[in-house]
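Hello,

Here is the structure I promised to pass on. Please open it alongside this message.

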Amino acid sequence: MPTLKPAKLGLRTRLFQLIFESDTPVAKAFDIALVILIFLSVTIVMLNSIDEYHARFGEVFYYTEWVITILFTIELALRIYCLEKPGLYLKSFYGVIDVLAVLPTWLVLLFPGAQVLVVVRLLRALRLFRVLEMMTLEGERRLLWGALVRSRHQIGLFLFTVVMLVTIFSSVLYLIEPAEAGFTSIPKAIYWGIVTLTTVGYGDITPVTALGQFISVAIMLVGYSIIALPVGIFSAEVIRALQQERYSNEACPGCGKHRHEQDARYCKYCGTWLDEETPDPRKKAKSPEA
């Protein structure tokens, strides 16, 4: 999300503080109202796809959705109105999501064939990330995202290894299994390999030879063994990030030991004053002048 600024002092600044910030009771109430509207809209889209509910409550869903769309449209207009550079916002990820949240419903009025686009309204659920970001979960979001970024190389190597294993095993199955078993091509065999490795097992393609069944068992065992590996890598990065937030990397000037808490004033090993830029208050209290 780019850095956004209000257009000027006055009403537009107050609107900016209400819509884009969450440090006042009114702004928090606005965010909560947005969350409720988003959940209500997504629920209506899902329930309306069920024939029984569509037949019984279709008219209620229709008018409720229009009310929600009008409210979201007003909100989008206010966002654009209170910004110094609205184009910067509209080009951002959340700006595009906000536009897509209201556009399909309005397109239905102009183009009757655009009814199929109404399902795009489910993208409104993505707006929850911005609301949560502006509320109290920003630190947690940064923590998890940072851990994911730092572990991207290990996870990438893991996925590459899995893809290579699946390709090799699937190619072998394609060679030894008859076409009647479903292994009509290497891509079909790779599809079977992924389903088997992830232990899903749809059963639409099944090896019939003894060697093929043996390889299937091996792939399933490998899947059980390695499926938790990315979770472990990610968890280790999260733990490391939590430790970095809690502990300081600075060494004690007295004993040279590390791992002091961020707000520690004295070394927990030798009692030395840790802040070298300021005098030790204990020495100041013992001085004759004191």
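Below are some notes on a helix, the cores and a cavity.

This is a predicted model, in which local features need pLDDT of at least 70 and side-chain atom pairs count only at pLDDT 80 or more, while totals for chains, interfaces and linings use all residues. Residues are numbered from 1 along each chain as its sequence is written, and side-chain values use heavy atoms, with hydrogens and water left out.

Let's start with helix α1, residues 11-20 (helices are DSSP runs of H or I, at least four residues, numbered from the N terminus). Thr13, Leu15, Phe16, Ile19 and Phe20 are buried there (under 20% relative accessible area, 1.4 Å probe, protein chains only). They sit on the same side of α1, because they cover an arc of only 160° around the axis (taken from the directions from the helix axis to the C-beta atoms).

The largest nonpolar core (buried Ala, Val, Leu, Ile, Met, Phe, Trp, Tyr and Cys residues joined through side-chain atoms within 4.5 Å) has 17 residues, with Phe16, Phe20 and Ile68 among those with the most contacts inside it. Helices α1, α2 (25-48) and α3 (51-82) each supply at least two of its residues. A second, separate core of 12 residues includes Phe158 and Val166.

Val166 also helps line the largest cavity (a set of points on a 1 Å grid over the protein atoms alone where a 1.4 Å probe fits but cannot get out; lining residues have an atom within 4 Å of a point). The largest share of that lining, 5 residues, comes from α8.

Best wishes

Key. Buried < 20%, exposed > 50% of the residue type's maximum accessible area, 1.4 Å probe, protein only. 1 Å grid on protein atoms, 1.4 Å probe; cavity = no way out; pocket = protein on both sides within 12 Å on 5 of 7 lines; lining within 4 Å.
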